Amino acid sequence: MNATIASRKLKDHGRFPYRSILNRPDYVWPNQSRLAVYIGFNLEHFEFGEGLGANLGPACPAPDVLNYSWREYGNRVGAWRCIEMFDALKIPTSALINTSLYDHCPELIEALVQRGDEIVGHGHTNAERQGQFDEQSELDLIQACAQRIEKESGKKPRGWLSPWISESPVTPDLLAETGYDYTLNWCHDDQPTRMQTRNNQSLWSIPYPQEINDIPMLIGRQMDTEPFANMIIDQFDEMLQQSKTQPLVMGIALHPYLIGQPYRLKHIRRALQHICDYRDREQIWFSTPGEICSHMQTLDRQGLVNGI
């Protein structure tokens, strides 16, 4: 009986096979560097008194004015301070947006579009999890978000990050069938991974961080911002060293209701300036997930990343 249990093959997701980072095709990024860096700038909106929401302080009975208004600081103040910082450092971002922001604060999204930032689908609101939807409702959400972004911002989104990283068993299939090129939901690798979908349509997984991410660190682990900024620098320095042998992707996930607070922004600016110093010496590629995906698609057509 024990032997039978020990030989039982566990259920697998079926999206990609295991492959060691040490046994991959080699390639470079467009500027001949080996490390691609991007910022995932999360812009979110929450139902007032309803549904889910990140609790920055003790949860209160609905309507939870404390936590709602704390998060809303990001849209009213924090995001604009971050944009000023990105402008000063000449950094592109990928703006991961809830489409409800088009109703709530359209000028914020327009400011990012005017910067030339990539707009990435991030559901309609972070007050709900799409993994709890039935398949048709989830498809409707994914399609509606793509249509709204294209209508309001002039370009259909190529990428998706689910609110709360919530997936159903068919989320990658629905994304590919709706025309998305990549997903940010999976944090399993430091390189892009080609995902298998039910109709064999192309979908790439671009690495999205759960460690270099302000919510798990500042809220989950209750870390101060200075050590979090040091984490960003340490992650960058080590990945730059590792990238000498493999091309890598480093994502930085930021939420303006957290890092847009003035005392936190000071430390994040220091970390990003450190990275920009290497960009200015052309040692890294400061990019967006969409540009990373485009490069992988080009390499794939050239047969240079077979098996990834």
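This is a chat about how to read rings, cores and helix packing in a predicted model.

Reader: Let's start with the rings. How many aromatic pairs are there?

Author: The general idea is to look at how far apart two ring centres are and how their planes are set. Here the count comes to seven aromatic pairs. Take Tyr27 and Trp29: their ring centres are 5.4 Å apart and the planes meet at 85°, so you'd call the pair edge-to-face, since anything over 60 degrees goes in that class.

Reader: And are Tyr27 and Trp29 buried or exposed?

Author: The cut-off for buried is under 20% relative accessible area. Tyr27 has 5%, so Tyr27 is buried. Trp29 is buried too, with a relative accessibility of 0%. Ring pairs also bring in Trp285, giving a cluster of Tyr27, Trp29 and Trp285.

Reader: What about Phe41 and Phe86, how are those rings set?

Author: That's an edge-to-face pair, with 5.2 Å from centre to centre and 90° between the planes. Now check where each ring sits in the chain: Phe41 belongs to strand β1 (residues 35-43) and Phe86 to helix α2 (residues 65-89), so the pair ties together parts 45 residues apart in sequence. Both Phe41 and Phe86 are buried.

Reader: Rings can also have a charge over them. Where do I look for Arg71 and Arg129?

Author: Find the ring first, then look over its face. Arg71 lies over Phe46, 4.2 Å from the ring centre. Over the ring of Trp164 you'll find the charged end of Arg129, at 5.3 Å from the centre.

Reader: OK, on to the core. Which residues of the largest nonpolar core touch the most other members?

Author: Think of a core as a network of buried nonpolar side chains, and look for its hubs. The largest one has 53 residues, and Leu43, Ile252, Leu272 and Ile275 touch the most other members. Helix α8 (residues 225-242) gives this core its largest share, eight residues. To see one hub up close, pick Ile275: leaving out neighbours within four places in sequence, its contacts are Val37, Ile232, Phe236, Met250, Ile252, Ile284 and Phe286. There's also a second, separate core of 21 residues, with Tyr27, Leu96, Val120 and Trp285 among them.

Reader: How do I read two helices packed together, say α2 and helix α4?

Author: Compare the directions of the axes, then the gap. For α2 and α4 (residues 106-115) the angle is about 10° and the axes are 11 Å apart. Angles under 35 degrees count as roughly parallel, so that's what α2 and α4 are. On the α2 side the contact uses Asn75, Ala79, Trp80, Ile83, Phe86 and Asp87, while α4 brings Glu107, Leu108, Ala111, Leu112 and Arg115.

Reader: Last one: loops. Are Ile206 and Gln261 buried or exposed?

Author: Don't judge by the loop label; check the accessible area. Ile206 sits in the loop between β7 (204-205) and α7 (214-220), yet Ile206 is buried at 0% relative accessible area. Among the residues Ile206 touches, beyond those up to four places away in sequence, are Tyr38, Trp186, Pro289 and Cys293. Thr193 is 13 residues from Ile206 in sequence, with 6.8 Å between their C-alpha atoms. Gln261 is in the loop between α9 (256-259) and α10 (262-280), and at 16% relative accessible area Gln261 is buried as well. Not counting residues up to four places away in sequence, Gln261 touches Trp70, Tyr73 and Pro256.

Conventions:
Residues are numbered from 1 along each chain as its sequence is written. This is a predicted model: local features need pLDDT of at least 70, side-chain atom pairs count only at pLDDT 80 or more; totals for chains, interfaces and linings use all residues. Side-chain values use heavy atoms; hydrogens and water are left out. Rings of Phe, Tyr and Trp (its six-membered ring) pair if their centres lie within 6.5 Å; planes under 30 degrees apart count as stacked, over 60 as edge-to-face and the rest as tilted. Buried means under 20% relative accessible area, exposed over 50%, partly exposed in between (1.4 Å probe, protein chains only). Helices (H or I, at least four residues) and strands (E, at least two) are DSSP runs, numbered from the N terminus. A charge sits over a ring if NZ of Lys or CZ of Arg is within 6 Å of the ring centre and within 35 degrees of the ring normal. A nonpolar core is a set of buried Ala, Val, Leu, Ile, Met, Phe, Trp, Tyr and Cys residues joined through side-chain atoms within 4.5 Å. Contact means heavy atoms within 4.5 Å. Axes are lines fitted to C-alpha atoms, for helices over the stretch in contact, and angles run from 0 to 180 degrees between N-to-C directions. Angles under 35 degrees count as roughly parallel, over 145 as roughly antiparallel, 65 to 115 as roughly perpendicular and the rest as oblique.
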